[in-house]
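Good morning. I have one structure to show you today, and I will keep to a few parts of it.

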Amino acid sequence: MEYEVLGPMRVLDNNGAEVQLSAPKLRTLLALLLVNRGRHVSVDRIADTLWGDVPPRSAPNLIHGYIRDLRRCLGAQEVTTVPGGYRLDVSPVSVDAARFEDLVRARRYQEALALWRGAALEEWIDQPWARATAARLEEVRRLSAVEARLAQELDAGLGAAVVAELAVLVDEHPMRERLRVLQVKALYAAGRQADALAAYARARRYLADEEGLEPGPELRAVEAAVLAQDSSLTAAPARPAAAPPSPVTRLIGRDSDLATLRSALTVSRLVTLTGPGGIGKTRLAVEAAAALAPRGAVWFVELAPVLAGSDVATSVARALQLAESPGHEIDLMCDYLSRRRGLLVLDTCEHVVEVVAGLATSLLSRCPDLWILATTRQPLRAPGEQIVQLSGLDETAGAELFTSRARAANPTAELNVEGVRAIVGRLEGLPLALELAAARTAAVSLEQLVSSLDQPLDALAADALAGDPRHRTMRAVIGWSHDLLDARDREAFAALSVFVGSFDREAAGAVVGDDGSDAVDHLLGRSLLTRDFDLIGRARYRFLDPVRHFARERATATTRGGSRRRHVEYHVSLAARINDRIQTAEATAWAAVARASAEDLRKATTHAIAERWASAGRLVADLYWPWFLAGQLSELRSWANAVLGTETNPHIRVRLLRILASTALAQGDAAIAIDHARRQLDAATALQDPELVALAENLLGMAAWAQGDYTAAHEHHVAAMSSARNSGRLWTLALVTALAGRSAHAKGDQDAGEQLLREAQALAEEVGEPMVLGSALDYRAHAEFALGRTAEASALASGSLAAYQSIGYQEGLASAGTLAAQLAVLAGDHERAETLLSQALDVSRRLRHLGGTASVLEAMAVLDHDRGDHQRARLHLDEARALRQQTGTVPTPALRDELSRVERSLALER
């Protein structure tokens with residue numbers, strides 16, 4: 001969203017279309033929040049603003065309704081509820097008034113003034129809450145920016161062009177002495193010395209007659225300069241040595257990075273801005289230099305054309321316009337720079353990094369008022385260096401950049417939020433890639449562009465007619481870094497392209513066929529790899545998508561075949577380790593490993609199945625639990641179906657049958673689930689494997705539970721407990737005991753159910769694995785809720801949610817979230833209940849968990865009924881009944897009484 005208050009207030013969506021906000025009070029509320037952006041605005045203050053001294057009694061409810069309308073128009077995340085009021089949380093770049101002030105600080109006055117479309121906050125300019133802000137923007141900021149822009153134009157030798165504008169401004173603001181000074185200078189620069197002196201005389205007379213004042217020192221000084229015919233009044237200044245380039249477009253999405261860079265320059269005299277090619281290092285350095293220019297000189301030296309390290313000092317000296325003196329350049333630079341205060345920007349250093357490091361060290365040691373900012377894909381590793389790592393733009397900023405550049409390339413391009421978001425995601429917010437992609441909208445549709453990004457190097461290969469050749473195509477950008485690698489690192493670069501997601505050093509070593517640490521360090525140093533961290537803080541590495549495709553292009557057939565084989569072998573081993581540990585006290589860490597490696601585990605599995613590797617069945621079986629936790633049920637089910645027929649190991653076949661039974665049951669295919677579970681039980685019994693027997697009985701019990709046969713369910717779970725005890729596996733015993741307790745409660749034996757659930761909780765706590773602990777707490781919470789003990793149920797549900805969240809168990813989050821919502825309904829917190837149920841419904845539908853979806857819809861129907869929306873309650877009930885009929889399942893015991901109450905109430909209205 002973009003918010004405009006410099007003129008009639010407007011809100012624009014990501015496509016530039018105006019969001020309709022016609023209601024006067026809604027517009028006033030938004031304007032008040034914008035004036036106080038990022039700050040708490042109390043309900044009382046909102047009421048005073050909307051209704052004056054005598055607000056209606058229903059003001060808080062009306063305000064809540066206006067807030068709801070704003071969230072619907074702007075997005076729920078924009079307006080935050082805080083104690084006693086509300087806060088608008090939007091970034092400064094999305095508000096034209098904030099952008100205006102940023103542009104003024106950067107001395108980009110023309111761009112800043114172009115944002116104005118009328119008076120600031122013009123609809124409310126007479127209101128006390130808006131008056132001060134409007135006055136500050138109008139008088140202090142806008143007029144000061146106009147003066148600064150006119151001064152810039154005078155300095156550029158454009159005096160004659162601004163004479164007429166200054167005459168109008170002086171008439172409008174006769175007390176602005178700065179405008180009077182500029183008017184005198186402009187007239188003189190236009191060759192009108194007599195008129196310049198007459199303008200000074202008018203200024204002096206006005207000040208004396210109207211205010212009883214004498215002209216200030218600046219106005220007197222300009223009169224003296226005119227009388228002396230001072231040449232400085234007409235001569236345009238020469239371009240300073242090594243001046244930074246002037247940006248053609250505005251910087252988008254880098255406010256935080258710019259602040260970080262400026263902060264780094266306050267604590268270190270040597271700052272290195274690093275990141276992959278095309279990330280925007282040079283552009284950000286130019287912006288930082290412009291911001292720092294008022295505090296000293298800025299010298300900008302482009303080192304990309306330098307072919308050899310020995311030419312670096314000569315190039316810097318030449319850029320500083322120092323005399324040619326081979327062999328003495330550093331002494332000349334030190335002599336020149338030691339007598340000045342300023343910032344030296346050394347741009348594009350990665351190919352001469354060692355020489356630049358030495359030069360920077362020498363200059364800083366001899367020039368006490370010098371700061372150096374280097375842009376490079378590889379850190380300098382020099383003493384005192386402060387590294388600032390630049391990464392891709394976030395989704396919002398990336399969308400803004402792409403949209404801005406696409407509109408410039410093709411003003412009639414049809415852009416949509418989903419397509420733009422897809423492009424930003426595929427290109428990982430890489431600014432140059434987004435700009436190259438945006439340029440393609442002049443030739444192809446957005447949908448064609450998204451499809452073409454399957455081959456990003458070809459899609460982003462349209463050669464620009466101007467600009468740095470290294471930045472005209474993505475191949476050129478990446479090739480510049482690739483050419484700096486030695487032969488061994490190039491081979492590792494190509495081999496590692498087999499990864500589709502992130503990897504750690506162990507995985508890199510397995511694929512490279514050697515110690516992968518050196519290769520990772522070298523590629524990371526050249527910004528050809530990026531570094532991430534998994535959920536428990538361990539470093540992982542990955543390619544940006546265009547870089548991965550470039551690496552694959554460089555891989556020979558031999559390299560591709562060897563790396564693919566080693567990739568599968570490594571992930572077979574990794575899946576086995578995950579399976580061994582993910583149901584232990586180490587589960588959280590290993591679930592994090594599984595999530596971080598998911599893309600490559602998926603690739604390895606798909607390849608192993610397609611190529612009929614003997615290890616394919618074991619790989620699928622070992623991935624059962626992490627994939628089940630993450631809710632990847634359909635994929636897991638399809639894999640198991642694909643390998644079951646060719647798997648010869650009887651133990652693995654039983655485990656594959658378990659996958660097919662549990663995923664079918666979760667997705668509402670009860671008959672198929674029961675068939676697979678019975679086959680699993682027969683095979684496990686034949687193998688005399690008590691744990692596999694217990695797990696088969698458990699699935700049969702869960703199927704009976706879903707169909708409402710709680711007695712049969714309990715019999716299966718009790719049988720499962722017996723086998724689990726014989727297996728010696730505490731995790732399995734804890735799981736089946738919890739389910740036995742749930743079924744005992746459901747069939748009416750509350751005492752036995754309570755005892756079993758407490759035993760399950762104690763076992764789960766001993767095991768230390770979050771999913772099985774969450775299940776014990778979850779089932780206890782449902783049992784307490786069914787008995788009307790809501791306080792106990794609420795505490796248990798909170799514990800269950802926390803346990804599920806710690807390991808990312810999706811189905812559990814939906815279940816516990818649904819119960820938490822039911823408790824919120826009873827507590828009268830309908831807003832929290834709606835939020836929880838919406839989240840649970842999203843999860844259940846994503847998992848295609850039909851029974852779980854029905855449970856959420858039933859809870860929604862209860863909420864709708866209690867809020868008075870009986871029509872919506874009927875719709876949710878009808879959808880839930882259809883799912884129950886399709887799956888042959890019944891509502892959970894915890895919902896039965898509430899559903900009966902709602903159904904009776906709705907029936908009476910018919």
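I will start with the whole chain, then go to one helix, and then to some single residues.

Please keep in mind that this is a predicted model. The protein chain has 44 helices and 12 strands. Its C-alpha atoms fill a box of roughly 110 × 80 × 50 Å, taken along the principal axes. There are 910 residues in the chain, and buried residues make up 52% of them. As for the surface, the chain exposes about 39,500 Å², and carbon and sulfur atoms supply 50% of that area.

Two more figures on the chain. Take the contacts between residues at least 6 apart in sequence: 66% of these join residues at least 24 apart. Then the charges: there are 101 positive and 116 negative ones, and the mean positions of the two groups are 1 Å apart.

Now to the helix. Helix 39 covers residues 790-807, which is 18 residues. From its first C-alpha to its last it reaches 26 Å, close to the 26 Å expected at 1.5 Å a residue.

Which residues of helix 39 are buried? They are A793, L796, A797, S800, L801, A803, Y804 and I807. These residues lie on the same side of helix 39, because they cover an arc of only 165° around the axis. On the other side of the helix, A791, A795 and Q805 are exposed.

What covers the buried residues of helix 39? The cover includes helix 27 (587-596), helix 30 (624-630), helix 38 (770-786) and helix 40 (810-826). Just after helix 39 comes G808, which takes a positive phi of about 75°.

One of the covering helices, helix 38, gives us our next residue, R780. Is R780 buried or exposed? With a relative accessible area of 9%, R780 is buried, because the cut-off for buried is under 20%. Leaving aside neighbours within four places in sequence, R780 is in contact with E754, L757, R758, Q761 and L796. L796 is one of the buried residues of helix 39.

Next is Q680, found in helix 33, residues 670-687. Q680 has a relative accessible area of 0%, so it is buried. Not counting residues up to four places away in sequence, Q680 touches V654, L657, R658, A661, L692, L695, A696 and L699.

L401 is in helix 16, residues 395-409. At 4% relative accessibility, L401 counts as buried too. Again not counting residues up to four places away in sequence, L401 touches I252, L393, P431, L434 and E435. For a sense of distance, L401 and G617 are 216 residues apart in sequence and 46 Å apart in space, C-alpha to C-alpha.

The last residue is N36. Where is N36 placed? It is in the loop between helix 1 (24-35) and strand 3 (41-42). N36 counts as buried, at 6% relative accessibility. Outside its neighbours within four places in sequence, N36 is in contact with V41 and R45. N36 and S615 are 579 residues apart in sequence, and their C-alpha atoms are 61 Å apart in space.

To go back to the helix: the buried residues of helix 39 share one side, and A791, A795 and Q805 are exposed on the other. That is what I have.

Conventions: Residues numbered from 1 in each chain as written. Predicted model: local features only at pLDDT ≥ 70, side-chain atom pairs only at ≥ 80, totals over all residues. Heavy atoms only, no water. Helix = DSSP H or I, 4+ residues; strand = E, 2+ residues; numbered from the N terminus. Expected span 1.5 Å × (residues − 1). Buried < 20%, exposed > 50% of the residue type's maximum accessible area, 1.4 Å probe, protein only. Arc of directions from axis to C-beta. Contact = heavy atoms within 4.5 Å. Areas by Shrake-Rupley, 256 points an atom, 1.4 Å probe, with all protein chains shown as cover. Lys, Arg positive; Asp, Glu negative; His and termini not counted. Charge placed at Lys NZ, Arg CZ, Asp CG, Glu CD.
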